[in-house]
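Trainee: I am new to this structure and would like a close look at one part of it. Could you take me slowly through the place where the two chains meet?

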2 protein chains.
Amino acid sequence: MTVKNAFYAQSGGVTAVINATACGLIQAARQNPDKIGKVYAGRNGIIGALREELIDTSVYSDEEIQALRHTPAGAFGSCRYKLKSFEENIEEYRRLIDVFKAHDIGYFFYNGGNDSQDTAYKISQLSEKMDYPIICVGIPKTVDNDLPITDFCPGFGSVAKYVAVSIMEASFDIRSMCESSTKVFIMEVMGRHAGWIAAAGGLAQQQDGDAPQIILFPEISFDKQKFLAKVKASVDTHGYCSIVVSEGVQFEDGDFLSASSNVDAFGHAQLGGVAPILANMVKAELGYKYHWALADYLQRSARHIASKTDVELAYQAGAKAIEYALEGRNAVMPAIQRGENGEWSFIPAPLDKIANVERFMPRNYITEDGFGITDEARAYLAPLIEGEDFPPFKNGIPEYATYRQTLAEKKLPYFEV
Amino acid sequence: MTVKNAFYAQSGGVTAVINATACGLIQAARQNPDKIGKVYAGRNGIIGALREELIDTSVYSDEEIQALRHTPAGAFGSCRYKLKSFEENIEEYRRLIDVFKAHDIGYFFYNGGNDSQDTAYKISQLSEKMDYPIICVGIPKTVDNDLPITDFCPGFGSVAKYVAVSIMEASFDIRSMCESSTKVFIMEVMGRHAGWIAAAGGLAQQQDGDAPQIILFPEISFDKQKFLAKVKASVDTHGYCSIVVSEGVQFEDGDFLSASSNVDAFGHAQLGGVAPILANMVKAELGYKYHWALADYLQRSARHIASKTDVELAYQAGAKAIEYALEGRNAVMPAIQRGENGEWSFIPAPLDKIANVERFMPRNYITEDGFGITDEARAYLAPLIEGEDFPPFKNGIPEYATYRQTLAEKKLPYFEV
């Protein structure tokens, strides 16, 4: 086996543990110097490959690579950039091959979600369609948890833990205040199409009636009267109502609540998310004082409260990608499997079965009334937030690492991206 | 010294560490059984005293009391309720005295912020004005950090740590994404009048140019053109701009940005906070893609990322209140003092010098351009977030305690609050 260099890139929205995957991958590559030369990281994902901006990770010490494990977000930059099909933009593929050739790249690793696995699949076809031999392995990553085949997506376990812990804490707060002040708290979380992240809020419940009393999923059509009745019932029973809402909640006709007909005095569309819309609805119809939070990036970057299980499997997914590549497996993704006793393993899942397939919450994970999670959901979700993996702290804040970007010398002409 | 019972209540917006104060107070009281009988906690603050709803804390085991130290929010319920003056509502004071007499209460402890110290001060005057002997000690608590005399307010250290860690993590995220996607991130934090919480975001900066590149304080009038120019300069230099904004940011004329003339299609006032307004401004004028977060209750209840310094001093403040009471000091509050070598101590500060006095950020804590914090601010703030004090976890979430409320038998007629 000849030595070839590897290209690794981070793609799409980043997570608290995507760098743990980079850590696992680079460490595994360094253990195989007879097969893998340098690992180049794409500067800002696939854009780095197109621009021939290849970050040379060989300049980092072992300690620096180890620090990737506890550093959130994408150390090498990510991107939102989808390769078109071969037919639509052959120039991009020719450019990629030029770059791969110029830097002796034989392995391509792409760390991302749905769109990214589609990109990875297209790259995996280069050998066959354009006669450039390359082994391409996709690596799962997305807080949305919507990739098929894999038991869960690294990144999701940590956002799930963040959401469960945060809604638990905020619910303790509102319970303290509800007698004479705020009675409804609404926390908006990510999830445009799938309710996995919102569902994780249900893990804060220790027993029946515990907060959050309401979870709103994109998979369940929003029914205003049913919602308001549930809020009122919760306030009547518990004195307050704690709510987790997925940003993608929709009316029965498919319109997003967050896009409902609110425009400001200047004619601009409503700026906020769905949380303030629900809050206003509660105030207008029930008169309760409310508070709401919108976690946005905080939820997916919260490495300080990452799930140990998530960190570990993100790390292993990176190492496993190297293993598959060295076994000569092209067009696969390490997919996480859960054993009968909760043990974790990986299988190589074919990329063409993953690209562009979205996995939604099964209906039996959502309670019949549509406002909570079932025991089946709980059994699925609970192991994913198991364990803590606090980063090192210094002066009261986490010691996250930043990485100087030493680019491989460019050998090709400029290419417009 | 005869044995008297004590009344303790939590007041105003709760924090991640107010229960640590309850823990310190109850433990110190239990060490003095020859002087203090039962500690009754007011159910929902002073409302509990008025309604004669006194939670008997003697039913809790030592382990349960210890668990208060790591449990956020108000275990006994808080309230937003301000006693009127003696002249305006003498009935309330007569009722309090009836309740105190009925339950042999000789010590009154009130744990809160500005308004609450005002209440404590009024209670402290009962001996003199209404001939009921009572020793009243206020105990500082407020995330706003706006009480005078005390070096800082327990509760603030933890929200400061939350804000510093959160904006650091979210800034790592946006830095990863900015090449092809989001360029501006805005995090809105609490602070209606004083910018202490927003200032804490500056602790995320390790060196010049680090995020957050912009902090907006209520103390500095908002200048739209200056703000937009600063955003553009940051994006030009760093590729992105990370912003922490205080909810209380105002225009030069004193109008809150968050109350600016936005009304939705139904004529309702703009629902969101100031973050979406700034985001829209950035989009409209500079065209950058944005994300924004509104932490709301999450920031003040985040016991999982509490400051060890804050927890410890919150605890000590509770114990110190008992010490002052047993020394016969009426109408004081344990105020935190910082020694020359950073060591912490307490002095008894007179309540009449604290009630209703608000402390703002000194101008020299804010950089000349108004968008950041100075070395003086950093020197003040940094020790307050020092150290971690993670709660115990079980099944991936913190083991926070809830407290059954065993009320003392009522001896008085109903009183309408």
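**Where the chains meet**

Mentor: To set the scene, the domain assignment of chain A, whose bounds come from an automatic or database domain assignment, gives domain 1 (4–142 + 150–155 + 305–357 + 386–398) and domain 2 (157–301). Residues are numbered from 1 along each chain as its sequence is written, while chains are lettered from A and ligands numbered from 1 in the order in which they are written. The model is predicted, and local features need pLDDT of at least 70, side-chain atom pairs count only at pLDDT 80 or more, and totals for chains, interfaces and linings use all residues.

Turning to the interface, 70 residues of chain A are in contact with 70 residues of chain B, where contact means that the C-beta atoms of two residues, placed from the backbone, lie within 7 Å. On the side of chain A that touches chain B, at least two residues each come from helix H7 (156–177), helix H10 (274–286), strand E9 (290–294), helix H11 (297–301) and strand E13 (397–398); helices (H or I, at least four residues) and strands (E, at least two) are DSSP runs, numbered from the N terminus. H7(A) gives the most to that side, with 13 residues.

As for how the copies are related, chain A can be laid on chain B with an RMSD of 0.0 Å by a turn of 180° and a shift of 0.0 Å along the axis, the superposition being by least squares on the C-alpha atoms of residues with pLDDT of at least 70 in both. That is the relation of a two-fold axis. Moreover, 100% of the interface residues of chain A are also interface residues in chain B, so the copies meet through the same surface.
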